[in-house]
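Welcome! Here is a short guided briefing for anyone meeting this structure for the first time. Take a look at the sequence and the model, then follow the points below topic by topic.

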Amino acid sequence: MAKNSMKRRRFLSGTATAGAIGLAGCTSGGGDDGGEDSGDGGDGGGSDMTLRVGTSAGGTKDVGLAVERAVSQESDSLDYSTVESPGYIGTIRRMEQDQFNAGITDNNSLSKALDDRGSFSEQGVDEIPDYGFFAFPYSIYIVARDGTGIETFDDLAGKNVYPAEPGYSTRATTLDVWSQEPTADVHDQMNIKNMGVSDAPGAMEEGQIDAAIAYGTPGAGYTGWVTEYDARLDVHYVEPTDALVESAESYAGAGTSRIPVDDWSLQQDIGTDELFTWDLEVNYTFAREASNDAVYELCRVVDEHNDVVNEGEEQFLDVESTGDLLGSARENIPVHPGAAQYYKDNDAWDDSLQVGGE
């Protein structure tokens with residue numbers, strides 16, 4: 001749809017509020033990435049146009065800094081600052097503790113927080129942040145070393161399989177998909193390997209790992225350790241079974257995609273024309289108390305000036321229409337009122353979604 005800047009709300013605040021909010025030191029938290037009212041005024045945070053955004057390391061931080069640069073160039077009212085945060089799960093916990101009012105996290109972690117699963121089973125949170133907009137996906141699939149005899153997902157039973165480093169959200173999402181029906185029987189027979197990503201390419205080369213996940217952001221490239229094993233040994237695509245497709249499509253914490261290999265491939269020919277992926281969907285989220293006006297303005301910047309964000313970091317979502325920013329929204333995760341108003345003003349709202357606080 002055409003973007004219409006004339007539909008921008010008039011902000012009651014007028015100008016940015018520049019104060020800084022004290023923040024306790026970030027020391028520990030959940031797994032790392034790859035390594036995640038409506039109307040005018042009258043909202044949590046009032047007219048304070050300050051967003052402090054919790055951002056974990058790696059590619060997520062690169063995306064966050066690109067958005068921060070775009071805000072500094074394209075907004076006269078929003079005060080945006082990046083705050084280091086310990087992973088997607090740590091970001092959810094620290095937002096609940098009011099250490100910052102915005103953060104980059106992922107749908108799987110949000111889903112687990114809602115249902116008290118995973119690391120939230122023993123230490124839950126009273127509330128999760130509201131959805132704002134889709135930032136980028138980590139799309140995941142499987143490759144196997146040539147010579148292992150592995151052709152399909154079922155062949156992974158009894159094999160040494162590496163789903164990334166313990167603590168990585170890509171690993172957690174992968175194991176969550178595999179360990180449910182109807183793929184649990186194959187998963188239970190895998191020999192899951194535990195090691196750091198820096199050691200994995202060498203272990204694959206030495207034959208200690210038979211198959212591993214490959215992941216990155218389509219169009220922007222793969223994570224570093226995947227590009228390393230791509231350069232060091234011959235691998236091929238592991239074909240998904242109907243059971244794997246069903247498992248991935250039914251898992252609430254992940255999206256799925258089918259991607260032509262010509263659009264996003266390793267350096268070598270892995271023997272397929274299309275990739276089936278389960279996707280770790282990474283989102284900008286906001287505390288309910290974050291100013292509606294501030295959230296609205298950030299949505300405007302990343303939508304109307306998407307090219308500026310992408311110039312800073314191509315991993316960020318390529319927005320062709322405003323509705324793309326809702327691409328990872330889920331019915332069970334409320335949308336922040338400021339973001340919801342932006343989508344409504346730009347004819348992109350999805351009535352199946354709920355607005356936070358309503």
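In this predicted model, the largest nonpolar core holds 105 residues. Phe133, Tyr141, Trp178, Trp225, Tyr284, Leu298 and Tyr343 are the ones that touch the most other members. Strand 4, spanning residues 130–145, supplies the largest share of this core, with eleven residues.

**The core and Trp178**

- As general background, nonpolar side chains in soluble globular proteins tend to be buried together.
- Trp178 is a good place to start exploring: setting aside neighbours within four places in sequence, its contacts include Ile142, Phe153, Val161, Pro163 and Thr183.
- The other contacts of Trp178 are Ala184, His187, Met190, Ile213, Leu244 and Trp278.

**Helix 11 and its surroundings**

- Helix 11 covers residues 337–345 and is mostly covered, with eight of its nine residues buried.
- The buried residues are Pro337, Gly338, Ala339, Ala340, Gln341, Tyr342, Tyr343 and Asp345.
- Tyr343 therefore appears twice in this story: it is buried in helix 11, and it is among the core residues that touch the most other members.
- Which elements help to cover the buried residues of helix 11? Strand 4 and helix 9 (292–304) are included in that cover.
- Just after the helix comes Asp347, which has a positive phi near 55°.

**Backbone features to look for**

- The peptide bond joining Glu181 to Pro182 is cis, and its omega is near 5°.
- You can find Pro182 in the loop that links helix 4 (169–178) with helix 5 (184–189).
- Asp98 is a residue other than glycine with a positive phi, near 65°. Asp98 sits in the loop between helix 2 (87–96) and strand 3 (102–106).
- Ala164 is not a glycine either, yet its phi is positive at about 90°. Ala164 belongs to the loop between strand 5 (160–162) and helix 4.
- Are these two residues buried or exposed? Asp98 has a relative accessible area of 57%, over the 50% cut-off, so Asp98 counts as exposed. Ala164 has a relative accessible area of 0%, under the 20% cut-off, so Ala164 counts as buried.

**The largest cavity**

- Rolling a probe the size of a water molecule over the atoms shows where empty space is left.
- The largest cavity found here has a volume of about 60 Å³.
- Its lining is made up of Ile92, Met95, Glu96, Asp98, Glu127, Ile128, Pro129, Ala287, Arg288 and Glu289.
- How many of the lining residues are nonpolar, polar and charged? Five are nonpolar, five are charged and none is polar.
- Asp98 links two topics, since it has a positive phi and also lines this cavity.

**Around helix 10**

- Asn310 has its place in helix 10, which runs over residues 306–312.
- The Asn310 side chain reaches the backbone oxygen of Phe316 at 3.0 Å.
- Not counting residues up to four places away in sequence, Asn310 touches Phe316, Leu317 and Asp318.
- Val319 is part of the loop between helix 10 and helix 11. With a relative accessible area of 6%, under the 20% cut-off, Val319 counts as buried.
- The C-alpha atoms of Val319 and His305 are 9.4 Å apart, while these residues lie 14 residues from each other along the chain.

How values were computed
Residues are numbered from 1 along each chain as its sequence is written. This is a predicted model: local features need pLDDT of at least 70, side-chain atom pairs count only at pLDDT 80 or more; totals for chains, interfaces and linings use all residues. Side-chain values use heavy atoms; hydrogens and water are left out. A nonpolar core is a set of buried Ala, Val, Leu, Ile, Met, Phe, Trp, Tyr and Cys residues joined through side-chain atoms within 4.5 Å. Buried means under 20% relative accessible area, exposed over 50%, partly exposed in between (1.4 Å probe, protein chains only). Helices (H or I, at least four residues) and strands (E, at least two) are DSSP runs, numbered from the N terminus. Contact means heavy atoms within 4.5 Å. On a 1 Å grid over the protein atoms alone, a cavity is a set of points where a 1.4 Å probe fits but cannot get out, and a pocket is an open set with protein on both sides within 12 Å along at least five of seven lines; lining residues have an atom within 4 Å of a point. Grid points are joined across faces, edges and corners, and a volume is the space filled by probe spheres set on the points. Ala, Val, Leu, Ile, Met, Phe, Trp, Tyr, Cys and Pro count as nonpolar, Asp, Glu, Lys and Arg as charged, and the others, Gly among them, as polar. A polar contact is a pair of N or O atoms within 3.5 Å; within protein, one must be able to donate a hydrogen and the other to accept it, and residues adjacent in sequence count only if both atoms are side-chain atoms.
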